[in-house]
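Here's a quick briefing to read alongside the model. Have the viewer open, and we'll go from the pocket to the cores and then out to the loops.

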Amino acid sequence: MEQINTNHSWGANFEARTVKDIIEPAKSISNKVSVKAALDEMQARAKDSSPVIDQRGELLGTLSKNKMNRNVGGLGHDPKTEPLEAHIERNSAYCFEDQTIAEVERMMLNAKVGEVLVVTREKLLVGTINIEAIAEEKRWRKRWEPLKSRA
């Protein structure tokens, strides 16, 4: 698991909302289910990947439907009994819910990712944020800045 590196010097006095103000809820999969159960859940949600959490709700990583199909089916393992643990991608990008939107936008652009998972400082999964939501927040802010300056 890796938290995207930040450069704090550029935004020391930058006033902005935090990520927790615009996150989307994230559906996750328990690390205790089988590969088949995880694939069925992802199929039902029409998703190609999913975050994986432990019983506390701590983010462990992500699953890729294609990778699991290749590694399990391709090697002749039984997806009904195959444990999920071996298939968790542990280097998933994430940010913290108390980081500023501007900071996370810069991190995402530098890392060239369109979406990251959002966690608490204890690494409990709280949602996701994507670059489209950040762009919408910027458009909203630009619309309200002229009104704010008149007050």
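What is the volume of the largest pocket? It comes to about 480 Å³, and keep in mind that this is a predicted model. The chain around this pocket has four helices and seven strands, and the notes below take it topic by topic.

**The pocket**

- A total of 18 residues line the largest pocket, and the ones closest to its centre are S49, P51, E115, L117 and T128.
- Two elements give two or more residues to that lining: β3 (49–53) and β6 (115–119).
- T128, one of the residues closest to the pocket centre, sits in strand β7, which spans residues 125–130.
- Is T128 buried or exposed? With a relative accessible area of 11%, T128 falls under the 20% cut-off and so counts as buried.
- Leaving out residues up to four places away in sequence, T128 touches E115, V116, L117 and V118, along with I23, E24 and A26.
- Among those contacts of T128 are E115 and L117, two residues that also appear in the list of those closest to the pocket centre.

**Overall layout**

- Reading from the N terminus, the order of elements is β-β-α-β-β-α-β-α-β-β-α.
- The chain has 151 residues, and 36% of them are buried.
- If you take contacts with a separation of 6 or more, 61% of them join residues 24 or more positions apart.
- The accessible surface adds up to about 9,300 Å², with 49% of it belonging to carbon and sulfur atoms.

**Nonpolar cores**

- Which residues make up the largest nonpolar core? There are 12 in all: I29, V35, A38, L39, M42, V52, L60, L63, M68, V72, L84 and I88.
- At least two residues of this core come from each of α1, β4 and α2, and α1 gives the most, with four.
- L39 belongs to this core, and apart from its neighbours within four places in sequence, L39 is in contact with K65, M68 and N69.
- There's also a second, separate core of 11 residues, including V19, I22, C95 and I101.

**Helices α2 and α3**

- Helix α2 covers residues 65–73, and K65, M68 and V72 are buried in it.
- Why do these buried residues sit on the same side of α2? They cover an arc of only 60° around the axis, which puts them there.
- As general background, an α-helix has 3.6 residues a turn, so residues three or four places apart point the same way.
- The cover over the buried residues of α2 includes α1 (35–45) and β4 (59–64).
- Helix α3, residues 101–111, has I101, A102, E103, V104, E105, M107 and M108 buried.
- I101 of α3 is also a member of the second core.

**Positive phi values**

- For context, most residues other than glycine have a negative phi.
- K112, just after α3, takes a positive phi of about 60°.
- A46 has a positive phi too, near 55°, and you'll find A46 in the loop between α1 and β3.
- Is A46 buried or exposed? Its relative accessibility is 67%, which is over the 50% cut-off, so A46 counts as exposed.
- K123, in the loop between β6 and β7, has a positive phi near 70°.

**Buried loop residues**

- G57 is in the loop between β3 and β4, yet G57 is buried, with a relative accessible area of 14%.
- Not counting residues up to four places away in sequence, G57 touches K123, L124 and L125.
- That list of G57 contacts includes K123, the residue whose positive phi is near 70°.
- G57 and S30 are 27 residues apart along the chain, and 8.5 Å separates their C-alpha atoms.
- T120 is another loop residue, found between β6 and β7, and at 10% relative accessibility T120 counts as buried.
- Setting aside residues up to four places away in sequence, T120 touches F96, E97 and V126.

Conventions:
Residues numbered from 1 in each chain as written. Predicted model: local features only at pLDDT ≥ 70, side-chain atom pairs only at ≥ 80, totals over all residues. Heavy atoms only, no water. Buried < 20%, exposed > 50% of the residue type's maximum accessible area, 1.4 Å probe, protein only. Contact = heavy atoms within 4.5 Å. Arc of directions from axis to C-beta. Areas by Shrake-Rupley, 256 points an atom, 1.4 Å probe, with all protein chains shown as cover. Core = buried A, V, L, I, M, F, W, Y, C linked by side-chain atoms within 4.5 Å. 1 Å grid on protein atoms, 1.4 Å probe; cavity = no way out; pocket = protein on both sides within 12 Å on 5 of 7 lines; lining within 4 Å. Points joined across faces, edges and corners; volume = space filled by probe spheres on them.
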